[in-house]
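Q: Please take me through a single part of this model in detail. I would like the strand order, the pairing and the helices that cover it, in one connected account.

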There are 2 protein chains.
Amino acid sequence: MKIFNKITIIGVGLIGGSIGLAVKKRHLADVVCGVGRRVSSLKMAKAKGAVDIATLDLETSIKGADLVIIATPISLIPQYALKIVTLSHMMRKGLIITDVGSTKAFIVSKLEAILPKWIHFVGGHPFAGSEKNGVVNSSADLFVGAKTFLTPTRKTDKSALANLRRFWMAIGSEVVIISPKKHDKLVAALSHGPHITAAALVNSIDKKDIKFASMGFLDTTRIAAGDPLMWRDICLSNPDNIVKAIKKLEKKLTALSKAIRDKDTKVLMQHLEAAKEDREKIK
Amino acid sequence: MKIFNKITIIGVGLIGGSIGLAVKKRHLADVVCGVGRRVSSLKMAKAKGAVDIATLDLETSIKGADLVIIATPISLIPQYALKIVTLSHMMRKGLIITDVGSTKAFIVSKLEAILPKWIHFVGGHPFAGSEKNGVVNSSADLFVGAKTFLTPTRKTDKSALANLRRFWMAIGSEVVIISPKKHDKLVAALSHGPHITAAALVNSIDKKDIKFASMGFLDTTRIAAGDPLMWRDICLSNPDNIVKAIKKLEKKLTALSKAIRDKDTKVLMQHLEAAKEDREKIK
């Protein structure tokens, strides 16, 4: 079920590699071209069948593409957009560009400023991933059942949005259309704040004690093993929302701590029961 | 490899049921007798093969036992110890009593005060479990690879400790001998604090947003679905250590939040890298 002729994936890590595998498995494009900075990742992407063509050269990779997915770390996305502009003469009119960055307001405003109007940019964020990075961990079904956020603005081309929506649905995602601002607030609460919390939790344990950790601790802190550079980028591009999410958590923590200290069984049970009830709503 | 003739398990929930299954699978006793308050749990324990005999009558269950394991919620443990004392005439001399409560200082001091000297009490805590409760979720291998804490004091009979250690090792546990006080501090950091954190995290999310949760949030908050009554008991019997553990976490959270707000890349990276490094030390 072909949707695009040529898809170019810039950055073949966990997400870029998984998109490539997902596209190939479902025959959504004639050609998938992977471009990146590391020969080893490109070689592995080719070996895994995530891309048909692997190249270090952006110009070659973009030629003739009708969908370009920037799947690099957040901090590199604007740079790639700038490079793409210099290659405008190589590109098809109506080319769709999207990204997979975990924050959207910063990226969308940057890219809308950088890219010419005839390139159709739509911000995106597949809400999937793992504490394990790299194309080595990529999977054709990483997005199955996961939500993918698309974050249009008033400037977004409607037909490009519809095509991209169809694309993400074809690789198994449930697509959620949301504004960049609302997206960033939502994922600060559900992902960025929890990541910072998991890191703080690990850091709060005496080093000599960590070897006694049991399953509960392992689950609760699993995401703290994520790539620090990726999380640094996320924090720096969504700081206000993350700080607010942490503040909300701190309030709940303080209330629970007070109830425990005061042996206030009623308040303690209210918090524990509310948490159980809400947690059980999701699987 | 028989270690005891008759083992009595008071309370056949997840832990009690799993001990029964583990004993039967490994032939560690001639008879396992389960006693409890709910006929449905006792019936299921019998049906699952976790116990040979299921009864509502403590007196019958204890007669002739050489190991009694109190696997009830923490708040009921002292009551059962008091009942056991009134049945002293039914018991073998040298009977070993242990428990599986998640906190130890409170329970050990209570039970050492209640039980006569000729009953050998040793506090215990298998550091295993799940957010899923009840004998229905019990498993013969729940303790395989898990740590079990035994918390002797100066009053503890050495031979009883050695036998109990052998028992827990036989069902797959790694046994850690530790004082009740040190135990409570350790598990406050590694289990009780993280549980409270997971609950606070769930409670900090706007109700309408929780349906967007992805895998990271699910992992981080899984334990928040645990039994509120069990966690209430834990909190009320280990409050000081839990409050201290939360305070340590709050300090780390505040530092991270400050680094994010100030866009202090260096400090942010220090925290994220330290968390990744320590988290990767455990599997």
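A: The answer below follows one sheet from its edges to its helices.

This is a predicted model, in which local features need pLDDT of at least 70 and side-chain atom pairs count only at pLDDT 80 or more, while totals for chains, interfaces and linings use all residues. Residues are numbered from 1 along each chain as its sequence is written, chains are lettered from A and ligands numbered from 1 in the order in which they are written, and side-chain values use heavy atoms, without hydrogens or water.

Chain A holds an open sheet of eight strands, ordered β3-β2-β1-β4-β5-β6-β7-β8, with mixed pairing. At its edges stand β3 (53-55) and β8 (174-177) of chain A; each has a single partner strand, so one side of each lacks a neighbour in the sheet. Neighbouring strands are turned by 25° against each other on average, direction ignored. Strands (E, at least two residues) and helices (H or I, at least four residues) are DSSP runs numbered from the N terminus. Two strands pair if DSSP finds at least two bridges between them. Axes are lines fitted to C-alpha atoms, for helices over the stretch in contact, and angles run from 0 to 180 degrees between N-to-C directions.

Start with β4(A) and β5(A). They run parallel, joined by four bridges. A:Val68 stands opposite A:Ile97 in β5(A). Between the two strands the chain passes through α4(A), in a right-handed β-α-β crossover. Right-handed means that, with the strands pointing away from the viewer, the path from the first strand over the helix to the second runs clockwise.

Now β5(A) itself. A:Ile96 and A:Thr98 point one way, A:Ile97 and A:Asp99 the other, and all are buried (under 20% relative accessible area, 1.4 Å probe, protein chains only). On its way to β6(A), β5(A) pairs in the parallel sense over three bridges. Here A:Ile96 faces A:His120. With helix α5 (residues 105-114) of chain A, these two strands make a right-handed β-α-β unit.

The sense changes next. Strands β6 (residues 120-126) and β7 (residues 147-151) of chain A pair antiparallel over four bridges. A:His125 has A:Phe149 of β7(A) as its bridge partner.

Last, the helices on the sheet. Helix α4 (residues 77-86) of chain A touches β1 (4-10), β4 (67-70) and β5 (96-99) of chain A, its direction making about 150° with that of β4(A). Contact means heavy atoms within 4.5 Å. Helix α7 (residues 180-203) of chain A lies across β6 and β7 of chain A, at about 145° to β7(A).

How values were computed. Buried < 20%, exposed > 50% of the residue type's maximum accessible area, 1.4 Å probe, protein only.
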